[in-house]
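Here are a few exercises to help you find your way around a new structure. Keep the sequence and the 3D view open, and try each task before you read its solution.

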Amino acid sequence: MSHSFPSEAWTAAFADAVNANEVYRTHGKPWTHGAVAMVCSKDESLGLDDDVGMILDVHEGVCRGASLVRGMDAVAETPFVIVAPYARWKQVIRGEVDPIKAMMEGKLKMTKGHLPTMLRFVESSRALVTSATAVPTTFLDE
Amino acid sequence: MEPAVHLAPGAENNGYATMVAQLLRQGLDERPEKKPTLARMTGRVALVVTDLGLVVTLAFDRGHVTVHDGFAGIPDATVRASSEWHTKMSLVELEPRFGLPDPRGAVAREVFEASRKGEIQVHGLLGALPLVLRMTKVLSVA
């Protein structure tokens, strides 16, 4: 079943995909640095009248929960925040871009978080984000 | 003197430049014992990310670092490598006594091997060896 991105159903399916990702489970095992938020910037042309975030409560290689939130204030307490416009997340979900390369190119921006920690966990960070490619997705602009 | 890391005007639009600046700032906050190393560094190193067509130049001036978009001035050394290798170079293990790359480390060995194969090229290494080794130390998050 396909889920609309972003939505609560998509977020829940993303959490399931993270937990089904063997690479993430292995490389993320030592991760004890808190939740990660992936935020889609607001885009009124797509009906996104506010920033939309998916907060993943990841800990020791497991996603313990995920929530869909609206507005940057809602991710203020999240230790790691990655922000990108809708088109970029669409490329990530389709597996068209590598998230680490996209960060180097400024296509995904880590607006909050400790970069040295993220680099120490570069393989788990990549696996976390690319878990999204396993979620059957319908996009707002299609 | 307290180290200072600045982005040169225009560099804020280069995602890799902002990452390198963030990495330096947060890395020095986390490991203040690296600050004396930075205080001894003078010269320019250009980092060329071959697969993404990105270039940043780090201008070191005794505790101050300015991160430029593209080539800025004549670099003392130029490191050419793919985004994968640039990421890995920040994970090179350092031996504890002098903070030099530890040849026993798994990532350090991979990087040495990549250098031998020409996948990582350092132009000007002989003339700027201390600068390049010190840069490896201050950028490493391992």
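**Exercise 1. Place A:Thr137: which strand holds it, and is it buried or exposed?**

Step 1: A:Thr137 sits in strand β7 of chain A, residues 137–139. Helices and strands here are DSSP runs (H or I of at least four residues for helices, E of at least two for strands), numbered from the N terminus.

Step 2: A:Thr137 counts as buried, because its relative accessibility is 18%. The cut-offs are under 20% relative accessible area for buried, over 50% for exposed and partly exposed in between, with a 1.4 Å probe and protein chains only.

Step 3: Now look at what the side chain of A:Thr137 does. It makes a polar contact with the side chain of A:Trp10 at 2.8 Å, and it also reaches the backbone oxygen of A:Val135 at 2.7 Å. A polar contact is a pair of N or O atoms within 3.5 Å; within protein, one must be able to donate a hydrogen and the other to accept it, and residues adjacent in sequence count only if both atoms are side-chain atoms.

Before you go on, a word on the source: this is a predicted model, where local features need pLDDT of at least 70 and side-chain atom pairs pLDDT 80 or more, while totals for chains, interfaces and linings use all residues. Residues are numbered from 1 along each chain as its sequence is written, chains are lettered from A and ligands numbered from 1 in the order written, and side-chain values use heavy atoms, leaving out hydrogens and water.

**Exercise 2. Describe how chain B meets chain A: how many residues of each are in contact?**

Step 1: On the chain B side there are 20 residues, in contact with 15 residues of chain A. Contact means heavy atoms within 4.5 Å.

Step 2: Across this interface there are 3 salt bridges. A salt bridge is a side-chain nitrogen of Lys or Arg within 4 Å of a carboxyl oxygen of Asp or Glu. One pairs B:Asp51 with A:Lys101, with the closest N and O atoms 3.4 Å apart.

Step 3: Which helix of chain B gives the most to the side that touches chain A? That's α1(B), with 8 residues.

Step 4: Another bridge links B:Glu30 and A:Arg120, with closest N and O atoms 2.5 Å apart. B:Glu30 is in helix α1 of chain B and A:Arg120 in helix α5 (residues 115–120) of chain A, so this pair joins two chains. B:Glu30 counts as partly exposed because its relative accessibility is 35%, and A:Arg120 is partly exposed too, at 30%.

**Exercise 3. Find the salt bridge of B:Lys88: which residue is its partner?**

Step 1: The partner is B:Glu110, and the closest N and O atoms are 2.4 Å apart.

Step 2: This pair links distant parts of the chain, 22 residues apart: B:Lys88 is in helix α3 of chain B and B:Glu110 in helix α4 (residues 106–117).

Step 3: With 25% relative accessibility, B:Lys88 counts as partly exposed, and so does B:Glu110 at 32%.

**Exercise 4. Sort out the charges within chain A: how exposed are A:Asp57 and A:Arg64?**

Step 1: A:Asp57 and A:Arg64 form a salt bridge, with closest N and O atoms 3.2 Å apart.

Step 2: A:Asp57 is partly exposed at 29% relative accessibility, whereas A:Arg64 is exposed at 54%.

Step 3: Finally, trace the network of salt bridges that links A:Lys90, A:Arg94, A:Asp141 and A:Glu142.
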